[in-house]
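Colleague: I am new to this structure and should be grateful for a guided discussion. May I put a series of questions to you?

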There are 2 protein chains.
Amino acid sequence: MRGFLIIGNEAFTGPFNLSDLPGAGRVDVLCRCVSQALFLSHSIRKGVEVYLLLLGKPDPPKAIRIRSDELRRMSPDERNIAGHIRKAVSFRPSGEWLEVNSGVHVSRKNLDELLSELSKSYRIYYLREDGKDIREEVSKLRDSLFVLGDHLGVKREDEEKILEFATGILSVSRLSLMADQCIAILNYELDRCDA
Amino acid sequence: MRGFLIIGNEAFTGPFNLSDLPGAGRVDVLCRCVSQALFLSHSIRKGVEVYLLLLGKPDPPKAIRIRSDELRRMSPDERNIAGHIRKAVSFRPSGEWLEVNSGVHVSRKNLDELLSELSKSYRIYYLREDGKDIREEVSKLRDSLFVLGDHLGVKREDEEKILEFATGILSVSRLSLMADQCIAILNYELDRCDA
């Protein structure tokens with residue numbers, strides 16, 4: 001298993017316009033992360049979970065879980081993925097996971113609740129430019145879930161929370177990359193290690 | 001300098017609907033390639049050129065050149081990049097490069113003409129799953145331009161043409177990745193090598 005959790009600091013938690021994803025609290029960033037995490041050319045990876053934590057208006061927090069092994073009818077373009085996200089945030093969920101499409105679930109969880117749940121199944125790693133070089137560490141990783149911020153990064157108090165649960169801090173580049181690029185690189189390094 | 005050439009086998013060469021990029025001959029694939037090639041978090045890379053060869057209806061071929069060092073007003077989401085592509089294909093260019101926005105040019109060139117021009121400035125590498133491992137080769141690369149197919153790959157006759165100009169065939173993964181993922185990985189390996 002591999003997991004990715006992306007924090008959408010301002011990502012809308014209610015209806016938004018599919019023709020203005022940047023204006024929906026940068027839902028476009030989350031869509032690209034999902035695309036990079038789940039898709040291969042003409043197929044979907046096995047055993048990958050993506051968690052999106054949406055913290056924007058009007059009804060935060062909402063968490064979305066996408067399980068590659070159960071996923072149907074998603075394609076790698078931003079608008080298609082955004083359609084799935086929009087449907088998920090149209091619900092007002094409880095703290096339990098509610099399936100809104102095959103492989104797509106939504107729940108009412110804050111960062112603490114989400115990390116607490118994920119830490120039962122995964123070893124959690126926080127991605128930060130000054131972390132340990134992924135290439136040195138990748139062979140030691142098993143059942144890892146990587147936590148990344150969106151274009152705004154991760155707020156100080158959220159970072160403190162993540163570090164309570166994290167096994168370590170990893171870096172994929174000294175350059176400041178976009179979150180979706182970090183995910184593409186993590187998959188690449190993990191694939192090489194598996195091969 | 002780094003360059004990427006992506007062949008859009010069916011990418012529309014006339015007006016298309018920004019709300020249906022997959023239906024425009026998979027312009028979404030080209031947009032994601034541009035995003036991965038040019039953007040960092042909150043900035044644009046220096047010294048990168050992206051070439052898109054659009055071969056779809058109604059007026060093929062059209063080539064688009066995007067130069068990172070001259071680029072203005074582009075953001076990394078698919079719809080924004082697609083807007084630039086749509087503007088470029090609204091022109092009926094000659095064989096010369098015509099600037100349609102700062103850093104974005106269009107011309108009437110087929111694959112042979114484009115490779116002939118690019119081979120004066122770049123060493124050309126073809127990306128294919130069975131090529132030499134990028135990690136073994138990256139330290140030898142200088143002023144490289146990488147040629148990739150879209151979701152349909154590269155047609156046999158186009159491949160023969162590319163190989164006439166190519167210095168070598170490289171692979172980033174034994175998995176069949178999407179073109180934009182290959183670009184993210186190429187940038188990553190080149191960045192590590194530069195560091």
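**Helix packing, buried faces and unusual backbone**

Modeller: Helices H1(A) and H2(A) are roughly perpendicular to each other, since their axes cross at about 105 degrees and angles of 65 to 115 degrees count as roughly perpendicular. Please bear in mind throughout that this is a predicted model.

Colleague: Which residues of H1(A) and H2(A) make the contact, and how many of them are charged?

Modeller: H1(A) covers residues 27–38 and H2(A) residues 78–89, with their axes 9 Å apart. From H1(A) come Val27(A), Asp28(A), Leu30(A), Cys31(A), Arg32(A), Val34(A) and Ser35(A), and from H2(A) come Glu78(A), Ile81(A), Ala82(A) and Ile85(A). By class, 7 are nonpolar and 1 is polar, and the number of charged residues is 3.

Colleague: At what angle do H1(B) and H2(B) cross?

Modeller: The axes of H1(B) and H2(B) come within 9 Å. These two helices count as roughly perpendicular to each other. Their crossing angle is roughly 105 degrees.

Colleague: Which residues of helix H6 in each chain form the contact between H6(A) and H6(B)?

Modeller: In both chain A and chain B, H6 spans residues 179–194, and the two helices pack with their axes 9 Å apart at about 80 degrees. They are therefore roughly perpendicular to each other. The contact has 6 nonpolar, no polar and 2 charged residues. Its members are Ala184(A), Ile185(A), Tyr188(A) and Glu189(A), together with Ala184(B), Ile185(B), Tyr188(B) and Glu189(B).

Colleague: Within what arc do the buried residues of H3(B) fall, seen down the helix axis?

Modeller: Helix H3(B), residues 111–118, has Leu111(B), Leu114(B), Leu115(B) and Leu118(B) as its buried residues. These residues line one face of the helix, because seen down its axis they fall within an arc of 95 degrees.

Colleague: Against which elements of chain B do the buried residues of H3(B) pack?

Modeller: The partners include both strands and a helix of chain B. The strands are E1 (2–8), E4 (48–54), E5 (62–67), E8 (123–133) and E9 (144–149), and the helix is H5 (156–165).

Colleague: Which side chain reaches a backbone nitrogen at the start of H3(B)?

Modeller: The backbone nitrogen in question belongs to Asp112(B). A side-chain oxygen lies within 3.1 Å of that nitrogen, and its owner is Asn110(B).

Colleague: Is Ala63(A) buried or exposed?

Modeller: Ala63(A) lies in strand E5, residues 62–67 of chain A. Leaving aside neighbours within four places in sequence, its contacts include Leu52(A), Leu53(A), Trp97(A), Val106(A) and Leu114(A). Its C-alpha atom is separated by 8.8 Å from that of Leu111(A), 48 residues apart along the chain. With a relative accessible area of 0%, under the 20% cut-off, Ala63(A) is buried.

Colleague: What is the relative accessibility of Phe91(B), and where does this residue lie?

Modeller: Not counting residues up to four places away in sequence, Phe91(B) touches Lys62(B), Leu98(B), Val100(B) and Val106(B). The C-alpha atoms of Phe91(B) and Ser107(B) are separated by 8.8 Å, with the two residues 16 apart along the chain. Phe91(B) counts as partly exposed, at a relative accessibility of 29%. Its place is the loop between H2 (78–89) and E6 (98–101) of chain B.

Colleague: Which peptide bonds in the loop between E4 and E5 of chain B are cis?

Modeller: Most peptide bonds are trans. Pro58(B) lies in the loop between E4 and E5, as does Pro61(B). Omega is near 0 degrees for the bond leading into Pro58(B) and about -10 degrees for the one leading into Pro61(B). The cis bonds are thus Lys57(B) to Pro58(B) and Pro60(B) to Pro61(B).

Colleague: What phi values do Arg26(B) and His42(B) have?

Modeller: Most residues other than glycine have a negative phi. Arg26(B), in the loop between E1 and H1 (27–38) of chain B, is partly exposed at 21% relative accessible area. His42(B), in the loop between E2 (39–40) and E3 (43–44) of chain B, is exposed at 63%. Phi is positive in each, at about 65 degrees for Arg26(B) and near 65 degrees for His42(B).

How values were computed
Residues are numbered from 1 along each chain as its sequence is written. Chains are lettered from A and ligands numbered from 1 in the order in which they are written. This is a predicted model: local features need pLDDT of at least 70, side-chain atom pairs count only at pLDDT 80 or more; totals for chains, interfaces and linings use all residues. Side-chain values use heavy atoms; hydrogens and water are left out. Axes are lines fitted to C-alpha atoms, for helices over the stretch in contact, and angles run from 0 to 180 degrees between N-to-C directions. Helices (H or I, at least four residues) and strands (E, at least two) are DSSP runs, numbered from the N terminus. Angles under 35 degrees count as roughly parallel, over 145 as roughly antiparallel, 65 to 115 as roughly perpendicular and the rest as oblique. Contact means heavy atoms within 4.5 Å. Ala, Val, Leu, Ile, Met, Phe, Trp, Tyr, Cys and Pro count as nonpolar, Asp, Glu, Lys and Arg as charged, and the others, Gly among them, as polar. Buried means under 20% relative accessible area, exposed over 50%, partly exposed in between (1.4 Å probe, protein chains only). The arc is that of the directions from the helix axis to the C-beta atoms. A polar contact is a pair of N or O atoms within 3.5 Å; within protein, one must be able to donate a hydrogen and the other to accept it, and residues adjacent in sequence count only if both atoms are side-chain atoms.
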